[in-house]
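Biologist: Please take a close look at a single part of this predicted model, the second largest pocket, and describe its lining and then the elements around it. A connected account would serve better than a list.

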Amino acid sequence: MSRNRLGTCTGSGSVCRVSVAAAAVCSFSDGEDRRELDWAVNSGCVRPGCRNRPQPRWLMDTDQSQDAGSEALSFSAGGERGRAGHRQLKPTVLWLKLETISAPPMCRGGRGQRSHLQSAAIFLVFFTLMQSQTLSFCTFVKMVSASAAELIFLFISVNLIPTSPMVEKHPFHAADASTGASLGKSRKRVFPEPHTNKPNPVLEAFSYCNTPNRSEQAWEGHSPVDYKLLSVQVMIRHGDRYLLYSIPKTKRPKINCTLSTNRDPSHPLLTSFINHMGQGGQGHWESPLGSVPRLPNHSACEMGELTQTGVVQHLRNGQNLRHAYKRHSLLPPDWSPRQVWLETTSKSRTLQSGLAFFYGFLPDFDWRKLTVRHQWSTLFCGSACDCPARSRYLEEEQKRQYRLRVANAELERTYADMARTLGLLTRQLRAANPIDSLLCHLCHGLSFPCAPNGSSGTGGCLTMAQFAVIRQQQLDDEVDRKKTGLYRKYATLAMYPYLNQTATKMERIAKASETGHGARAGGEEVFTLSSAHDVTMAPLLSALGLEDASFPRFAARLVFELWKSPPVTQRQANKRARKGETIFIRVLYNGKDVTFHTAFCRTHDRHISQPLCPLKNFLTFVKKDMFRVVNATSYKEACYRRPG
């Protein structure tokens, strides 16, 4: 099959390789455990200086591993081998996959491809002989000679792809310094390794834009074999929007906020989505949502309006999760109104983002079954929003931000230069929050604003260098925010109501599942969507202890999955009875598993029989442990205790 290269190689000296993967699905003869092992060879062009090394993938089974268009050879391999008293490994399936990598013309059809195919063939022959008991492993080792050197290289360069989280060799440096335990390996790296060099603020800004022009790997829905998915709760940030603040004496960017399949970016569902939104009168709306436009509809965008890019981002988000959960039959085609929950703030951009997500996600979008609920607070705190201490922590955090900003001499010089260019006072420019307007220009590929003719300024346009200085200050602020800890205290109290609602719902579904009254019967919602803002998702990440996660980009998503382990043998049941761990939780941020970076599961001892995080960890965290950062044992105590 054809696939884009995972590295960027230019110039001479590139060596093109073909990915060769072989996997054996094995089970111990006593039937207690099931392990899936996968070996794969790095793919792509390889030479010194190549970037973006392939990351390990978590393979659920051989069906998922064999992508569409690939050539695969499968056969059964029977037989058992082993000594008395030792556990015996019984291979049941072997498959070999050969992939053709898209490569530079100089690489295609070269000797590199043929030689790796030969190595794969040698491996397949020897493995077949071993499984048929014609050839023992020891004999196999003796037959490896100089002519099989490439086969040795094949073994050396393999990547072990776990089906369950493995303990990471290098400990993750948690935000909470009191936690010194090594963290387990997330299935896909979310937090970059610490570097001495600062991140490039311009590249980081492009990532923030989240332009929907590339495919992305989503790890939602992946679990150990035979685990049952009970429910999913998702929080999203709205998609790409028009600017909220305009820079004085500059023209606002010209962006069309109507929807059209003739304009990029587009999506296969866009036309039918537009048509369905016109039937929204059949739905059920909590006040005041019924009067909010269901589609962006201005040829010249209004302030804060969702753009076509934002709609497409969430059509893709919903479609990705629909595909991820299809194999688990989370929602049947005839889903009932009580099985889904949609809540949003009254802003048109969050309502429209939520509708786009649901349209991509639901197997059959039916307005008559859908109720759209209103959240009046951006913190989604419902009836538990009153918390005086939260307001005090926020005020202290804002003072910290101000002190850091005015102490940045380079930032002050940059603001002064920009103000002179446009003929403004520096304080006027600073109050206009120019980074918001500049990000809007950047995300839509537009030139930065320029001073109009005849202005009192020096003239010219704002520059990428000036943008980089402001953006770098924002990144520096995120680092200082973690160091001082004030924001974490604010975030804990701000997001407790939402987390408590999430935990309560999970606990209710878990109890129903354990008593045999599963959530799938239609009496309990199995999918919840909260369409929110960056000021909602950022404190939620912090409250969970994910302070090293990137700031929520446009159309960011945070997913909570609830899983139930499969039926077990009596011996395993006795072990689990002592631990009480049959229900588990996964947390994913933008499609990447961050469960074992959270505060409640950072130190969990994982092993092959229990690769997920127990739900009880999350419940204990929400009920009590999360308040340790504010030296309290409950939400009420933390909110109403007098300072000092």
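Modeller: The lining of the second largest pocket divides into 21 nonpolar, 7 polar and 13 charged residues. In this predicted model, the pocket has 41 lining residues and holds about 1,400 Å³ of space. Nearest its centre lie Gln401, Asn433, Gln474, Asp534 and Phe551.

Several helices contribute to this lining. At least two residues each are supplied by helix 9 (388-406), helix 12 (434-443), helix 13 (464-484), helix 14 (486-514) and helix 15 (534-543). Helix 13 provides the largest share, with 8 residues.

Of these contributors, helix 15 merits a closer description. This helix is largely enclosed by the rest of the structure, because 8 of its 10 residues are buried. The buried residues are Thr536, Met537, Ala538, Pro539, Leu540, Leu541, Ser542 and Ala543. Their packing partners include one of the other pocket-lining helices, helix 14. They also pack against helix 17 (615-623) and against four strands: strand 6 (228-237), strand 10 (527-532), strand 11 (557-564) and strand 12 (583-589).

The backbone after helix 15 has features of its own. Just beyond the helix, Gly545 adopts a positive phi of about 90°. In the loop that leads from helix 15 to strand 11, Ala555 has a phi near 65°, a positive value in a residue other than glycine. Ala555 counts as buried, because its relative accessibility is 2%, and the limit for that class is under 20%. A comparable description applies to Asn590, which is not a glycine but has a positive phi of about 50°. Asn590 lies in the loop between strand 12 and strand 13 (592-593), and with a relative accessible area of 8% it is buried.

Strand 6, one of the packing partners of helix 15, leads to a further backbone feature. The loop between strand 6 and helix 6 (270-277) contains Pro265, which is joined to Asp264 by a cis peptide bond with omega of about -5°. Another cis peptide bond joins Ser287 and Pro288, with omega of about 5°. Pro288 is placed in the loop between strand 7 (284-285) and helix 7.

Helix 7 (308-326) in turn introduces the enclosed spaces, since it gives the largest share of the lining of the largest cavity, namely 4 residues. A search of the whole structure finds 4 cavities of 30 Å³ or more, and the largest has a volume of about 120 Å³. Its lining comprises 14 residues, and Asn210, Pro212, Glu216, Arg316 and Arg553 lie nearest the centre. By class, the lining of this cavity divides into 2 nonpolar, 7 polar and 5 charged residues.

A last element for reference is helix 8 (348-361), which is mostly covered, with 13 of its 14 residues buried. Its length is consistent with its residue count: at 1.5 Å a residue, the 14 residues should span 20 Å, and the end C-alpha atoms are 20 Å apart, which agrees.

Note on methods: Residues are numbered from 1 along each chain as its sequence is written. This is a predicted model: local features need pLDDT of at least 70, side-chain atom pairs count only at pLDDT 80 or more; totals for chains, interfaces and linings use all residues. Side-chain values use heavy atoms; hydrogens and water are left out. The expected span of a helix is 1.5 Å times one less than its number of residues. Buried means under 20% relative accessible area, exposed over 50%, partly exposed in between (1.4 Å probe, protein chains only). On a 1 Å grid over the protein atoms alone, a cavity is a set of points where a 1.4 Å probe fits but cannot get out, and a pocket is an open set with protein on both sides within 12 Å along at least five of seven lines; lining residues have an atom within 4 Å of a point. Grid points are joined across faces, edges and corners, and a volume is the space filled by probe spheres set on the points. Ala, Val, Leu, Ile, Met, Phe, Trp, Tyr, Cys and Pro count as nonpolar, Asp, Glu, Lys and Arg as charged, and the others, Gly among them, as polar. Contact means heavy atoms within 4.5 Å.
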